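Please open the model in your viewer and keep the sequence panel beside it, so that each selection can be followed in both. The tour moves from the whole chain to single side chains.

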Amino acid sequence: MTRSQPRRARGTVGHAYSALNLRLTLAGFGLVIMVVFAVLAFWAGIAWLGVVCAIFAVVAVVDLVVIQRRRAARRREEPGVRHSLFE
C-alpha cells in the first residue's frame with residue numbers, strides 16, 4: 001500500500017486518489033484570499049467575519065501541510081518522476 005494516499009482510498013500509485021498539485025495550488029489560493037479577507041474585515045470593523053476568515057485561513061494552512069506530506073511521500077515512492085498540475 002502506498003503511503004502517499006489515505007488508507008482504503010481507491011487510487012493507486014499509477015492513478016492517484018487526488019490531484020495533489022492542483023489541491024496545493026487551490027489551498028494556497030484559499031489561504032491568500034482568506035488572509036486578505038480577514039484583514040479587510042478587521043479593518044472594516046466586522047470582527048466576527050474576520051475571525052471566520054482567519055479560521056478558514058488556518059484550515060488552509062493545515063491542508064497545505066497535509067498535501068505537502070503526501071507529495072513528499074509520493075516523491076519518495078517515485079523518485080525522478082515529475083507530475084503535472086492535474087496529477
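What does the accessible surface of the protein chain come to, and what percentage of it belongs to carbon and sulfur atoms? In this predicted model, the accessible surface is about 6,500 Å², and carbon and sulfur atoms account for 68% of that area.

Stay with the whole chain for a moment and colour it by secondary structure, which shows 2 helices and 0 strands. If you then colour by burial, buried residues make up 24% of the 87 residues. Among the contacts with a separation of 6 or more, 63% are between residues 24 or more positions apart.

Next, select helix 1, which covers residues 20-44, and show the side chains of Val32, Val36, Phe37, Leu40 and Trp43, since together these make a nonpolar surface patch of about 560 Å². Centre on Trp43, a member of this patch; with a relative accessible area of 74%, Trp43 counts as exposed, because that value is over the 50% cut-off.

Now move to Phe42, which is also found in helix 1. Phe42 has a relative accessible area of 44% and is therefore partly exposed, as this value lies between the 20% and 50% limits. To see what Phe42 touches beyond its neighbours within four places in sequence, select Ala47, Gly50 and Val51, with which Phe42 is in contact.

Finally, add Cys53 to the selection and draw a distance from its C-alpha to that of Phe42: the two residues are 11 residues apart in sequence and 10.0 Å apart in space.

How values were computed. Residues are numbered from 1 along each chain as its sequence is written. This is a predicted model: local features need pLDDT of at least 70, side-chain atom pairs count only at pLDDT 80 or more; totals for chains, interfaces and linings use all residues. Side-chain values use heavy atoms; hydrogens and water are left out. Patches are made of residues with over 30% relative accessible area and no salt bridge: like charges are joined within 9 Å, nonpolar side chains (Val, Leu, Ile, Met, Phe, Trp, Tyr) within 5 Å. Accessible areas come from the Shrake-Rupley method with a 1.4 Å probe; for residues, only the protein chains shown count as cover. A salt bridge is a side-chain nitrogen of Lys or Arg within 4 Å of a carboxyl oxygen of Asp or Glu. Helices (H or I, at least four residues) and strands (E, at least two) are DSSP runs, numbered from the N terminus. Buried means under 20% relative accessible area, exposed over 50%, partly exposed in between (1.4 Å probe, protein chains only). Contact means heavy atoms within 4.5 Å.
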